[in-house]
Amino acid sequence: MTVAMTMTEKILARGAGRESVRPGDLVLAQVDFAMGHDLTIPPAGKIMREQMGAEKIWDPDRVAVTQDHFQPAKDAASATLGRLTREFSHDMGIKWYFEVGQGGICHTVLPENGLVLPGELVVGADSHSCTYGALNNFATGIGSTDLACVLALGELWFRVPETLKFVYHNRLKEWVEAKDLILYVIGQIGVDGARSKAMEHTGEALKHIDMEARLTMTNMAIEAGAKNGIMEFDEVTKEYLDGRAKRPYTPVTSDRDAEYEKVFEFDVEKVELGVAKPMSPDNYAPLSEVAGTRLDQVFIGSCTNSRITDLRRAAAVLENHKVAPGVRLIITPSSHQVAIQAEKEGLIRTFLAAGAAWTTATCGACLGGHMGVLGEGEICLSTTNRNFPGRMGHPKAQVYLSNPAVAAASAVTGVITHPSEVLDHMPAGIR
Amino acid sequence: MTLPKVIRGKAWKFGDNVDTDQIIPAKYAIYSLDEKELGKHAMEGVPGRDTWATGVTQGDILVGGSNFGCGSSREIAPVAIRGAGISLVVADSFARIFFRNAINMGYPILQSPPAAEGVEEGDELEVDLEEGIIRNFTKGDEYRCEAFPQFMNELLRMGGLVPWVRKQLEERRKMTPSRG
């Protein structure tokens with residue numbers, strides 16, 4: 001008799017070469033793809049070579065490295081980290097190395113290049129590596145010693161997580177985006193509501209949510225403490241991967257009688273446009289509660305909400321408007337490909353005409369790195385993922401998290417604003 | 001590096017959901033390869049604790065609340081705490097990447113909800129790592145810690161993932177003789 005399993009359990013069982021696994025099992029599993037960046041490759045490379053004694057990596061074709069966190073180098077020390085990252089990638093013959101100006105933020109670059117695929121076991125030395133799970137894989141964030149182990153052996157230890165199932169009914173209302181939904185869900189369960197567990201997202205509402213918006217949802221699994229976020233394979237997944245996938249892949253489905261620790265049901269039609277208030281991503285509030293809050297900075301960027309569909313919505317709101325006096329709007333595309341597309345579609349012209357600062361693709365301001373760090377007492381509305389004290393700069397700066405249309409509208413008025421006050425309707429096809 | 005059986009030290013108490021940006025603000029990630037420098041800035045992002053590291057005596061024990069170390073995957077979070085001189089972290093619960101990172105480094109962490117509740121800042125503690133018991137000399141209390149799976153205890157005893165990988169690599173080299 002075969003044991004019924006969730007998608008997460010099936011992927012870990014396959015990786016471990018076992019018929020089945022149960023939550024709580026510790027397994028040694030083979031990794032299909034691994035990622036590191038300019039902050040995590042230097043320590044991982046040092047640990048792997050100097051402490052573990054490995055001379056080469058297990059499979060140069062299955063590793064991606066991005067120069068995204070503090071690159072283009074924000075100071076001399078970051079330049080050293082960038083150099084160590086570059087040299088390690090070159091020495092190891094890493095196939096998917098993305099130089100400054102050619103890649104961008106890891107969590108946009110890997111999906112858009114078809115490097116993380118259904119059914120796979122993916123690890124990244126960055127907490128938001130859970131993003132890839134929207135593509136029907138098991139993807140999780142790991143540390144630098146973990147990454148060193150994977151680079152040396154192609155294997156890593158995992159505790160099989162319990163799975164929480166999130167079922168989304170109905171359809172999101174006008175203006176309400178996947179970002180609002182996931183902020184609402186995290187608000188309901190808390191920043192440790194899924195601690196070390198798998199978040200499996202399912203339900204008919206997802207059929208109407210495109211791949212980029214799905215990536216926004218799985219991206220924030222870590223904000224509920226989850227090990228991974230995962231979605232089913234469907235037409236949307238297939239369409240996104242056609243012509244993009246770099247390897248053949250085998251989708252995975254949860255068995256009908258798989259065991260879930262808990263099942264949450266949401267009528268998404270009832271979810272309002274919302275924000276996470278300072279100082280925690282689970283501090284959800286409907287937009288109406290915070291509308292009118294004065295802002296110093298608006299930031300549209302990050303692996304959460306700065307893909308091309310996000311920029312299209314921001315541009316639709318900003319078209320023929322100016323950024324309000326006293327506010328600065330910083331827009332950071334999440335990848336070089338996104339920037340190229342934005343240029344083709346004329347979005348950059350709209351941003352520049354509105355008075356926005358348009359930057360190169362980088363994690364930048366999201367983690368208080370560079371190009372938009374906040375000072376003491378400043379208030380920022382940001383399309384990013386975290387607003388813990390000090391995340392974007394000074395510990396006494398305040399960060400509200402929102403979707404890109406709200407961010408764009410708020411930049412126009414200078415206070416937190418519903419986008420319908422700036423634009424009657426989001427044009428069809430942009431959502 | 002083998003773990004001592006018993007660790008003694010003074011407690012430093014922190015609350016729930018202390019995230020990695022508070023443990024070591026991202027701007028210090030430029031010191032990723034310098035544990036001592038990271039240690040100088042440990043916990044600096046926690047409101048009211050901006051000079052915390054200067055008060056730590058080598059061997060002190062950090063006691064956190066629930067979901068300790070949530071947020072980023074940066075391994076410099078446990079590295080910074082160790083660099084500040086903290087010998088052991090006890091918490092009500094740990095965020096998973098912080099937990100992994102500490103175990104992988106061979107850095108002792110213990111999960112003990114009663115200790116997280118009962119210990120106050122400045123209490124003198126003695127932790128018996130083998131027995132999984134924390135004694136509070138100041139209060140005369142004793143707290144039990146939750147047992148980890150065997151593999152994690154083995155990793156901790158070995159000194160973390162590094163010696164484990166070294167062993168795996170040696171075994172692989174034996175199995176696949178070099179072709180010259």
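1. Chain B and chain A meet in a contact that takes 37 residues from chain B and 43 residues from chain A. On the side of chain B that touches chain A, α1 (20–23), α5 (96–105) and α8 (161–175) of chain B each supply at least two residues. By class, that side of chain B has 16 nonpolar, 14 polar and seven charged residues. The model is a predicted one, and this applies to every point below.

2. Within chain A, one helix pair is α2 (residues 41–51) and α3 (residues 76–92), whose axes come within 8 Å and cross at roughly 50°. Angles from 65 to 115 degrees count as roughly perpendicular and those under 35 as roughly parallel; α2(A) and α3(A) are therefore oblique to each other. Their crossing is left-handed.

3. Which residues make the contact of α2(A) with α3(A)? From α2(A) come A:Ile41, A:Pro42 and A:Gly45, and from α3(A) come A:Leu81, A:Leu84, A:Thr85 and A:Phe88. Five of these residues are nonpolar and two are polar, with no charged residue in the contact.

4. Further along chain A is helix α12 (residues 347–354), in which A:Leu347, A:Thr350, A:Phe351 and A:Ala354 are buried. Seen down the axis of α12(A), these buried residues fall within an arc of 95°, so they line one face of the helix. The spacing fits a general rule: an α-helix has 3.6 residues a turn, so residues three or four places apart point the same way.

5. What covers the buried residues of α12(A)? The cover includes two helices, α10 (308–318) and α11 (336–344) of chain A, along with the strands β15 (328–331) and β16 (357–358) of chain A. Just after α12(A), A:Gly355 takes a positive phi of about 95°.

6. One of these covering elements, α10(A), packs on α12(A) at an angle of about 45°, and the two axes are 9 Å apart. The two helices α10(A) and α12(A) are therefore oblique to each other. The crossing in which α10(A) passes α12(A) is left-handed.

7. On the α10(A) side, A:Leu311, A:Arg312, A:Ala315 and A:Leu318 meet A:Leu347, A:Thr350, A:Phe351 and A:Ala354 of α12(A). The residues that α12(A) brings to this contact are its buried ones, A:Leu347, A:Thr350, A:Phe351 and A:Ala354. By class, the contact of α10(A) with α12(A) divides into six nonpolar residues, one polar and one charged.

Notes
Residues are numbered from 1 along each chain as its sequence is written. Chains are lettered from A and ligands numbered from 1 in the order in which they are written. This is a predicted model: local features need pLDDT of at least 70, side-chain atom pairs count only at pLDDT 80 or more; totals for chains, interfaces and linings use all residues. Axes are lines fitted to C-alpha atoms, for helices over the stretch in contact, and angles run from 0 to 180 degrees between N-to-C directions. Helices (H or I, at least four residues) and strands (E, at least two) are DSSP runs, numbered from the N terminus. Angles under 35 degrees count as roughly parallel, over 145 as roughly antiparallel, 65 to 115 as roughly perpendicular and the rest as oblique. A crossing is left-handed if the near helix is turned anticlockwise from the far one by less than a right angle, and right-handed if clockwise. Two residues are in contact if their C-beta atoms, placed from the backbone, lie within 7 Å. Ala, Val, Leu, Ile, Met, Phe, Trp, Tyr, Cys and Pro count as nonpolar, Asp, Glu, Lys and Arg as charged, and the others, Gly among them, as polar. A residue is buried if 20 or more other C-beta atoms lie within 10 Å of its own, exposed if 12 or fewer, and partly exposed in between; C-beta atoms are placed from the backbone. The arc is that of the directions from the helix axis to the C-beta atoms.
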